[in-house]
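Hi,

Here is the structure I promised to pass on. Have a look at it first, and then read my notes underneath.

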Amino acid sequence: MLGFRRFNLRGKLILILLSMALLTLLVATSLFSYNDLSIFKKNLVRHNLAIAGSAGSMTRAALLFEDSKRGNEIFESLLRREKQVEFAALYDAEGKLFVQYSRNSSSLFQPPSLKSKAYDFIDGHFEIFQNIFLKGKSIGKVYLYADMDEFNAQIESYIYLVSFILLITLAISLALSIPLQSIISKPIIALAAMEKRISQKGDYSIRAYHDSSDEIGLLYKQFNEMLAQIEVRDKDLVEFKQNLENSCDQLRHLNNRMQSIREEESARISREVHDELGQMLTALKMDLTSLKNMFPEDSNDLDVKIEGILVFVDQTIDTVRKIATDLRPEVLDHLGLSEALEWYAEDFQERIGGKWKLEFNVQEVPLQPDLAMALFRIYQETLTNIARHADASKIQVKLQKIKDSLLLEIIDNGKGISTPDLSNPQSLGLMGMRERARVWGGEVLILSQSGFGTSIRVNIPLEDSFMDAKEKMNVYQVK
Ligand SMILES: Nc1ncnc2c1ncn2[C@@H]1O[C@H](COP(=O)(O)OP(=O)(O)O)[C@@H](O)[C@H]1O
Ligand SMILES: [Mg+2]
């Protein structure tokens, strides 16, 4: 049964058709043969009973006159023609052996025990006991012991015949079942092949055609209906996905644009604060210095007061510089990203009073300002995170060009980021870093294990970095 299941549909149908044809024929021929053989057997018995009858009536006189020689002659002449008779005997009324006959002189006759029934089957032979009557009185008994060779030969010939018929039937059934099974298997196999093609290509507009009103026709109809439903749903899904991707793209570009605007605005404010406010404060400082010089050294308290104001003006100039630097780190424009990274880490550490061991392995790579600023902002967020969450004692910073991409890696030996924090949609700082990198076709890979620190790897393909973000915006709008 298990082997049968392994066959394909075609094989199964052929096997079913063949076994049905063979089984039916086997039953029919067996019944016929059985019937024929039992008639044959009956006739055989009847024929031998008749022989025994004739032997009895012919030896009646010999029995009466106790002429065993005559009895022997009659037996010889009658039984020599009957090849099936192996032994025969004639008994008188007292059951005494009177005449005996053997087909082969070499084989010895074993006198049987006389039975009351007319015939019996024994060891592939049959025996006949025929009474000899005279005027209603039994005067003796004829015994025949015959082989069943004729019957066995008949059985053998039936076996050959049945096998021959079965073979012919097998050949005919096979020849017929191959085209017949295809009536059922072909449309099902075609449907299965079509299903495979559809699932591979994802093309639900394909339809299956079959011209019949049976269950297979119904199967095709329902399959087509299912395809139609999937097609509609698939179309909706594709549209929905496209819309979603468009919205994401729009949001990403909007975010990018907002960041550029913010950076530009910060740069403008930084310039104004630095130049205008800085110049005004410097002018104020110069005026105060000349005012102070107008008074003699030890004139009065006014001198001390002006000195105090001068110190305050100096502090204000420092604060203004710090605000301007936060808004737009000029070192980035003047010295490049690698120096800006080193400067910022030291400045930041000093400002927050951190005690990190800083290690730099940075290589100067010429980058367009917007990309350098994006990387710098990612770096600022990373250092802020380390200061706020990591509890680290060492920070390593790498900036390298590897093949056609730029790698910025910041490694700390702090407590690591937990897995829920990594995928938390509330982790806006991490999400912002990823978004900034994505604008440049890059990615941020965060490797972290609890207790073993964190590595933030920013990878930016450099061909992309030459494409201005604003240009990307235009490309998007044209789409
Ligand atoms: N270097 C780090 N070491 C340990 N934890 C960190 C580190 N960076 C980020 N985290 C964890 O990831 C979370 C998300 O970071 P972030 O998105 O920047 O949000 P925020 O800094 O505003 O909490 C943080 O709250 C913190 O728990
Ligand atoms: Mg943060």
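Below is what turned up, starting with the sheet and ending with the ligand.

One thing to keep in mind throughout: this is a predicted model.

The sheet is an open one with five strands, in the order β6-β7-β8-β10-β9, and its pairing is mixed. At the edges you'll find β6 (357-362) and β9 (443-448); each has a single partner strand, so one side of each has no neighbour in the sheet. From one strand to the next, the twist averages 10 degrees. If you want a spot to zoom in on, try the β9 and β10 pair, which is antiparallel and runs over six bridges. There, Ile446 sits opposite Ile456 of β10.

Two helices are worth viewing together with the sheet. α8 packs on it and touches β6 and β7, with a direction that makes about 175 degrees with that of β7. α11 lies across β9 and β10, at about 140 degrees to β9.

Next, the packing. What sits in the middle of the largest nonpolar core, touching the most other members? Of its 31 residues, those are Leu341, Ala374, Leu375, Ile378, Tyr379, Ala437 and Val458. Several elements each supply at least two residues to this core: the helices α8 (337-352), α9 (369-390) and α11 (428-439), plus the strands β7 (394-402), β8 (405-412) and β10 (454-461). The biggest giver is α9, with ten residues. Ala374 is a handy one to click on: apart from neighbours within four places in sequence, Ala374 is in contact with Arg436, Val439 and Trp440. There is also a second core, separate from this one, with 25 residues, among them Leu63, Ala89, Tyr143 and Ala146.

Finally, the ligand, which is probably the part you'll open straight away. Ligand 1 has 16 residues around it, and the ones that come nearest are Asn385, His389, Ala390, Ser427 and Gly429. Which elements give two or more residues to this shell? They are α9 and α11, with α9 making the largest contribution at five residues. So α9 turns up twice in these notes: α9 gives the most to the largest core, and the largest share of the shell around ligand 1 comes from α9 too. As for the chemistry of that shell, there are seven polar residues, five nonpolar and four charged.

Cheers

Terms used. Residues numbered from 1 in each chain as written. Chains lettered and ligands numbered in written order. Predicted model: local features only at pLDDT ≥ 70, side-chain atom pairs only at ≥ 80, totals over all residues. Core = buried A, V, L, I, M, F, W, Y, C linked by C-beta atoms within 7 Å. Buried ≥ 20, exposed ≤ 12 C-beta atoms within 10 Å, placed from the backbone. Helix = DSSP H or I, 4+ residues; strand = E, 2+ residues; numbered from the N terminus. Contact = placed C-beta atoms within 7 Å. Near = placed C-beta within 6 Å. Nonpolar A, V, L, I, M, F, W, Y, C, P; charged D, E, K, R; others polar. Pairing = 2+ DSSP bridges. Axes fitted to C-alpha atoms, helices over the stretch in contact; angles between N-to-C directions.
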